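Let's take a friendly walk through this structure together. Keep the viewer open as you read, and pause wherever you like.

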Amino acid sequence: MADNPVKATQRSPHLVYRHNRVTRLTHWTNAIALMILFMSGLQIFNAHPNLYWGNTSEPKKAFLSISAAQDGDDVRGYVELYGRQIDTTGFLGVQQGVLGPSARAFPSWLTVPGYYSLAAARRWHFFFGWLFALNGTLYVIYNLAVGHMRKFFLTFSDAKKVPAMVAYYLHLRKTSPQEGEYNPLQKMAYTSVFVLLTPLVLLSGMAMSPQLDVAFNWLPAAFGGRQSARAFHFILAFGFLSFAFGHVFMVLTQGFFNNMRSMISGWYKEEVPTVIEPPVKAPPTETVIAEESKISQEYTESQIQTPHSAAPAAKIQTTPPPTAVDAALSTPEKKAEKNEEPKS
Amino acid sequence: MKNLNPKLSRRKLLLGTLQGTGLLLLSGCEKIFDGLSRNDKVQSLLELAEHGSRRAQRLLAGRDKLAQEFSAKDISPKFRSNGNPPPITMDYAADAKNQWTKWRLEVSGLVKQPASFSLTELKSMPSRTQITRHDCVEGWSVIGKWKGVRLEEIMNKVQPAAEAKYIVLRCMDTDSDGTNYFESIDLIDAVHLQTILAYELNDQPLPVDNGAPLRLRVETQLGYKHAKYIRALEFVASLDKIGRGKGGYWEDQGYEWYAGI
């Protein structure tokens, strides 16, 4: 069984089982759902490409509008934000088609479906809205049950380390402040997605539903009115988009193949030599100590490129050269951590 | 090395996956989703969400909860109209001039006592006034003050048969092809306290643009359910033989019958 971490670790000591089946399944379901939700959402927005604050959409009170206007023989696209007009011809507002230019807020290559159909876009949106919510629920319940959630929940002390982590990524700091599986920046990103973005995007979406507004009169009011809820829903969608960009950027720059492999097959390549049977029998001799410190020295250097696993290295660097006892002590801890996760 | 081959194939698999993903995202994406959007099987799968939404939302809303009612200061300066232009027949225009003296609301189908009502008769029945928000499927909202007769009052007069499940609303307006507008709601929404046949908007007789002489207000659903220019109500057990079988003008063109979201 590939899903048994202990056996597999023995099979190849350099690979660690990082993402179990539930994580991988929910991750990719989520990725597809978010992409379709975003693109079908833009199509729905195209039906009325204006945003307002409040309950109603009084003409000329939109704070954001995407429109097309005739300019001589030309049709130009404009985005207007709080009265400031930006010419966006070629991208937003107008699109060149077979029959000439046509008014279209977001271009067809950004929407699902590409052709104009509010009805079809709504079908995609609501199906994947349900999928997104159910998939997220499965993820949260599972990870609460196995105790994984707390590993990436941002605490106050994590929050204080965020600047240090940014400095580390910008090569302004040599050591990563990471402790545990997730670094402070990851924790901040994931926590804000779980605590802010996801609940708010779901609630603002539901606040647009007349029937749910009957069920919960306070729901649109909580956002400042139905049109405000619509505006929040739109803005939050771009919050997800920026998270996705940041996420993909990190994957691309922090070991693309390794990260992709770990999210597809579960296996992540750690540069750490995994000691399966820790040598605890005899007191260490001088040569063993020398060897051990040499290994950890290599380990430290190689880890600078892969910040995720750099935490133990950082710990080692600040302490005197580790002994075999240190190695023996740290290994079961690592093992225990690994054993906790994959139980699919 | 023993591990070399598995690693290579894994790399190939990864590269293949990435290439596939890239192609899907960049060039094929639009075509794929367009194809899927026109595929009946995919569409019926996506329709599952509509049934899920209807069941879940109705469970949460129950039967007695009301849509938010606003105060007079919230009323929008202009109640936007949408959809087909008003009916253009001579009869409609002449009747509009004569304060709808010829117009009658015909009620038929699976009812014990088919009946028809003049506008005066409807206005003499107990009325309900409500200031509510109107949400269009396109995304915009307006607030207006409506006065009309509760649909349940009509039901009490005509006595629907036990097998009646839906009310089909027949309208006088047509699209550019001459197809008449029609809509349908089920009896759950029909007996909702705020479901009315409205003959007044903002203390004025219902304007032609907003559906004169009579339109539906069903506050649990989106604007396209609120049929305008009503001429008849028909109680039916099934929507299969109405129009193209989806229960409404827009439903026949792919919009959901359940428009509570």
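Which handedness does the crossing of helix 3 of chain A and helix 3 of chain B have? The crossing of these two helices is left-handed; the term applies if the near helix is turned anticlockwise from the far one by less than a right angle, while a clockwise turn is called right-handed. Before we look further, a word on what you are viewing. This is a predicted model, in which local features need pLDDT of at least 70 and side-chain atom pairs count only at pLDDT 80 or more, whereas totals for chains, interfaces and linings use all residues. Residues are numbered from 1 along each chain as its sequence is written, and chains are lettered from A and ligands numbered from 1 in the order in which they are written.

How confident is the predictor? For the complex, it gives an ipTM of 0.89 and a pTM of 0.82. Chain B has an average pLDDT of 92, and 90% of its residues score at least 70; pLDDT is the predictor's confidence in each residue, on a scale from 0 to 100. Where pLDDT is low, predicted coordinates should not be read in detail.

Now back to the helices. Two packed helices are described by the angle between their axes and the distance between the axes. Helix 3 of chain A and helix 3 of chain B (residues 48-61) have axes that come within 8 Å and cross at roughly 65 degrees. Axes here are lines fitted to C-alpha atoms, for helices over the stretch in contact, and angles run from 0 to 180 degrees between N-to-C directions. Helices (H or I, at least four residues) and strands (E, at least two) are DSSP runs, numbered from the N terminus. The crossing angle therefore makes helix 3 of chain A roughly perpendicular to helix 3 of chain B; angles of 65 to 115 degrees get that label, those under 35 count as roughly parallel, those over 145 as roughly antiparallel, and the rest as oblique.

Helix 3 of chain A (residues 118-145) also packs on helix 2 of chain A (residues 21-46), at an angle of about 150 degrees and with the axes 8 Å apart. That angle is why helix 2 of chain A is roughly antiparallel to helix 3 of chain A. This crossing, too, is left-handed. The residues of the contact divide into 15 nonpolar, 9 polar and 1 charged, where Ala, Val, Leu, Ile, Met, Phe, Trp, Tyr, Cys and Pro count as nonpolar, Asp, Glu, Lys and Arg as charged, and the others, Gly among them, as polar.

Next, find the sheet in chain A. It is an open sheet of 4 strands in the order 2-3-4-5, with antiparallel pairing; two strands pair if DSSP finds at least two bridges between them. Strand 2 (50-51) and strand 5 (84-87) are its edge strands, each pairing on one side only. Strand 2 joins strand 3 (residues 64-71) over 2 bridges, and there Leu51(A) has Leu64(A) as its bridge partner. The loop between strand 2 and strand 3 of chain A holds Lys60(A), whose phi is near 70 degrees, a positive value in a residue other than glycine.

Leu64(A) also stands opposite Leu81(A) in strand 4 of chain A. Strands 3 and 4 of chain A are linked by 8 bridges and form a hairpin with 2 residues between them, where Gly72(A) in the turn has a positive phi of about 65 degrees. Another hairpin joins strands 4 and 5 of chain A, again with 2 residues between them, and Tyr82(A) in its turn has a positive phi of about 45 degrees.

In chain B, 5 strands form an open sheet in the order 2-1-10-5-6, with mixed pairing. Strand 2 and strand 6 (180-186) of chain B each have a single partner strand, so one side of each is left without a neighbour in the sheet. Strand 1 (residues 104-109) runs antiparallel to strand 2 (residues 115-118), with 4 bridges, and a hairpin of 5 residues connects them. Strand 1 of chain B pairs in the parallel sense with strand 10 (residues 230-236) over 4 bridges.

Finally, look for two cis peptide bonds: one joins Val112(A) and Pro113(A), and another runs from Ala212(B) to Pro213(B).
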